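Welcome! Let us walk through this structure together, starting with the whole and then stopping at a few places inside.

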Amino acid sequence: MAEGRAPGKVILFGEHAVVHGRPAIAVPVMEVQARAQVIDSPGRRGVTIHAEDIGQVIDVANAPQDEPLSATVRLALARLGFRVGDVQLQVTLRSSIPVASGLGSGAAVATALVRALCAHLGRAMDAATLSAVVYETEKLFHGTPSGIDNTTVVFEQPVYFCQGQPIRTLKVGRPFWLAIADTGVPSLTKVAVADVRAALEREPERYGRLFDEIGMVADRGRRAIEEGRTESLGPLMDENQDLLRRLDVSSPELEALIAAARRGGAQGAKLSGGGRGGNMIALVQAADADRVQAECLAAGAKRVFVTKVG
Ligand code: PMV
């Protein structure tokens, strides 16, 4: 038996604009994890995936080409020099990362799956190759992903990401804390990304400017993180959220949690990920974390937890 794990992630600055070539910053979230276990399954050729959380059993050889988990297995095995028919394996997937909530569950499950396969088959895969394999899965989940999710989840470091540029991990000058609160409203990133793209096509100048402004916020965020100016991060998160509202990817549930976090003493708050639902993130002082948590729960959050960055 072999096991692979991967964390979730949140986007601190730059979602949506990152799909259109602007920079963004994301950090791994170790409190939530995807886990994959691989065992030999003698007498049964191929790979069977048991996705426990969604109650699905997938036979990789007979799954549709665009089914993301089996596509991940096929691609990973090919990279490792195997064909599906060469192996006899059973994979079990479990994840504490809510699906369609902006925490990178698709990338984490795929990463854990490939790590478990590598461990079981005794083969190594470097992080850049693993990230590229998971990116292919992300395309099946998300349509036109920027690549920020797979990069953050695979490298398990805060990243400053810009499509087509070398990956840049961030040194965190001073640690800071984020409260992460779930609206409980599932939202497909694919749909939000497609809507923003359609808006860009209708009004290229207006949306191009909004993306530029978001990219500048991400750049200022990078400098603040690296220089340990954590007090600048809250206002930057608020500024980013204002721009996301103008992209029409916020929602009443997200706004209610943002207001609640502010009541609890958070220094800034925004949606994280595709938006329209999913998770809200708020910058908190360790001393205010309990109050922020309580306010968010009272405002309808399904789950709230705090993660330390750096
Ligand atoms: O919803 P998530 O966690 O998959 O984040 C999506 C972030 C976007 O910028 C909206 C899309 C992307 O591919 O970068």
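A good place to begin is where helix 6 passes helix 7, in a left-handed crossing. Keep in mind as you look that this is a predicted model. Helix 6 covers residues 204-226 and helix 7 covers residues 233-246; they pack at an angle of about 165 degrees, and their axes lie 10 Å apart. Angles over 145 degrees count as roughly antiparallel, so helix 6 is roughly antiparallel to helix 7.

Which residues bring these two helices together? On the side of helix 6, the residues in contact are Arg206, Tyr207, Leu210, Glu213, Ile214, Val217, Arg220, Gly221, Ala224 and Ile225, and they meet Leu233, Leu236, Glu239, Asn240, Leu243 and Arg246 in helix 7. Sorted by class, the residues of this contact are nine nonpolar, five charged and two polar.

Now step back to take in the whole protein. Its secondary structure consists of nine helices and eleven strands. Measured out along the principal axes, the C-alpha atoms fill a box of roughly 60 × 45 × 35 Å. A compact globule of 310 residues would have a radius of gyration near 19 Å, and the protein agrees with that, having 19 Å. Buried residues account for 55% of the 310 residues. The chain also brings together residues far apart in sequence: of the contacts between residues at least 6 apart, 74% join residues at least 24 apart.

A second pair of helices is worth a visit. Helix 1 (residues 68-80) packs with helix 3 (residues 127-142) at an angle of about 155 degrees, and the axes are 9 Å apart. Helix 1 is therefore roughly antiparallel to helix 3, and their crossing is right-handed. In helix 1, Pro68, Ala71, Thr72, Leu75, Ala76 and Arg79 meet Thr129, Val133, Glu136, Thr137, Leu140 and Phe141 of helix 3. This contact has seven nonpolar, three polar and two charged residues.

Finally, let us zoom in on a single residue. Ile58 sits in strand 4, which spans residues 56-59. Is Ile58 buried or exposed? Its relative accessible area is 7%, so Ile58 is buried, the cut-off for buried being under 20%. Leaving aside residues up to four places away in sequence, Ile58 touches Val47, Thr48, Ile49, Ala63, Glu67, Leu69 and Ser70. One of these, Thr48, is ten residues from Ile58 along the chain, and the C-alpha atoms of the two are separated by 5.6 Å.

Technical notes
Residues numbered from 1 in each chain as written. Predicted model: local features only at pLDDT ≥ 70, side-chain atom pairs only at ≥ 80, totals over all residues. Heavy atoms only, no water. Axes fitted to C-alpha atoms, helices over the stretch in contact; angles between N-to-C directions. Helix = DSSP H or I, 4+ residues; strand = E, 2+ residues; numbered from the N terminus. Parallel < 35°, antiparallel > 145°, perpendicular 65-115°, else oblique. Left-handed = near helix turned anticlockwise from the far one by under 90°. Contact = heavy atoms within 4.5 Å. Nonpolar A, V, L, I, M, F, W, Y, C, P; charged D, E, K, R; others polar. Rg over C-alpha atoms; globule rule 2.2 N^0.38 Å. Buried < 20%, exposed > 50% of the residue type's maximum accessible area, 1.4 Å probe, protein only.
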